[in-house]
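Take a look at the structure below. This report goes through confidence, overall form, domains and the contact between chains.

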Amino acid sequence: MKRPLLVVAALALGCIPFVHADDAAHGEKLYTAYCVQCHGLSGHGDGVNLPALTVQPRNHHDTAEMMARSDEELFKAVKHGGKSVNKSVLMPAWGGNLDDNEIHALVSHMRNLCCRDGE
Amino acid sequence: MKQGTLLAALVLGGLLQAPAALAAGGEELVRTECAACHALERPDYEALGIQERIDRKGPPLYYAGNKFQQAWLESWLQNPTRLRPAGIFPPAAVREAAESDVIDPDALIQHPSLNAGQASEAAAYLMSLQYHDDLIEANGYEPGSIAQRMGQLNFTKFNGCDACHSDEPGYGGLSGPELYTAWQRLQPKFIASYIADPVAWDPNTLMPKSGLNDDAVSRLTNYLKLIGEENP
């Protein structure tokens, strides 16, 4: 499926909620602080820690993979860690560091990376 | 002459500086030379938010006396080696490359070195900064032992510490400080307390608060003891 069709389908399914610009900007800042070490400066899953990892971090620009997951799943993975969504223990649980609003902001930024670039 | 009597005689004779005098001398040095990059008082994390972490140039030192081993600190200040391969804030010191992001050596800040006298005074003063006595007193860790294999499994497969930290030179992630020297550098109860709840120490820490129970924390701390003693 071509990417525009994926995005339209995702919008129809409610996978891309309305995102407030301030949330996404705050999310980008949090992403830079907490996520890029593994997910990469650009979010392609190629951070500076990659050579030490036994599992490739999620490429947040992979529209098909990201569209296959709801916002609730992304929120859960960030808050409770990879194990909570049957993924790698290498993805930590950030719920002890970030509050729910901050995690929602991160999810908004991930949605920008996967599905809104170039809009 | 007993050891204490000898020490007192040397101090009174001016041959050695008493710890308080050392610390007093170190305060001016630390406040003049270190405060530009290191927090000597607790920042207003609540007001500054994550921007404080993004702007940070060096580890906070207002709880240095709860954190460091004084002898190591004094030695390191004279010969500062890099403990964090990607610097204090890795995103500021890496750049994109073909396979993965890589460390940009030109973006790393070099820590200045002190002479022996300065290092002694600075270390003495830094050890007086004990903002988090409460966290140390609340921690019940007692050093123990763990088999190499089990410790390594805890560090890697069970908890994923190796994603960010190295447990031996050349093995492990680059964004966090090396941990094969943690035992020499840090106080045991600090290590255990920080593993259990890094946010209590540093609200803007980039280390996840794991929620590990005391036994799991002890296993990891004992592993750092094991590998630290192998890397004197």
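This is a predicted model, and chain B has a mean pLDDT of 92. In chain B, 91% of the residues reach a pLDDT of 70 or more. One stretch falls well short of that: over residues 10-15 of chain B, the pLDDT is below 50. Beyond near neighbours in sequence, residues 10-15 of chain B have 4 contacts in the model. For the model as a whole, the scores are ipTM 0.88 and pTM 0.88.

**The fold of chain B**

Now to the overall form. Chain B contains 13 helices and 4 strands. Its radius of gyration is 19 Å, and the globule rule gives 17 Å for 232 residues. Those two values are close, so chain B is as compact as a globular protein of that length. The C-alpha trace of chain B spans about 60 × 40 × 35 Å along its principal axes.

How many of the residues of chain B count as buried? The share is 37% of the 232 residues. Next, consider contacts in chain B with a separation of 6 or more. Residues 24 or more positions apart account for 68% of them.

**Two domains in chain B**

Chain B is divided into two domains, listed here with their residues.

| Domain of chain B | Residues |
|---|---|
| Domain 1 | 18-85 + 113-131 |
| Domain 2 | 140-232 |

Domain 1 of chain B is written as two segments, 18-85 and 113-131. Taken over C-alpha atoms, the centres of domain 1 and domain 2 of chain B are 22 Å apart. The two domains touch: 14 residues of domain 1 of chain B are in contact with 12 residues of domain 2 of chain B.

Which elements supply the domain 1 side of this contact? In chain B, α4 (51-55) and α5 (64-67) each give at least two residues to the side of domain 1 that touches domain 2. By class, that side of domain 1 of chain B has 8 nonpolar, 2 polar and 4 charged residues.

**Where chain A meets chain B**

The two chains also touch. Chain A brings 26 residues to the contact, and chain B brings 27 residues. On the chain A side, the elements that give two or more residues are α2 (21-34) and α3 (36-39) of chain A. Of the elements, α2(A) gives the most to the side of chain A that touches chain B, with 5 residues. By class, this side of chain A divides into 16 nonpolar, 8 polar and 2 charged residues.

Technical notes
Residues are numbered from 1 along each chain as its sequence is written. Chains are lettered from A and ligands numbered from 1 in the order in which they are written. This is a predicted model: local features need pLDDT of at least 70, side-chain atom pairs count only at pLDDT 80 or more; totals for chains, interfaces and linings use all residues. Domain bounds come from an automatic or database domain assignment. Two residues are in contact if their C-beta atoms, placed from the backbone, lie within 7 Å. Ala, Val, Leu, Ile, Met, Phe, Trp, Tyr, Cys and Pro count as nonpolar, Asp, Glu, Lys and Arg as charged, and the others, Gly among them, as polar. pLDDT is the predictor's confidence in each residue, from 0 to 100. The radius of gyration is taken over C-alpha atoms; the globule rule is 2.2 Å times the number of residues to the power 0.38. A residue is buried if 20 or more other C-beta atoms lie within 10 Å of its own, exposed if 12 or fewer, and partly exposed in between; C-beta atoms are placed from the backbone.
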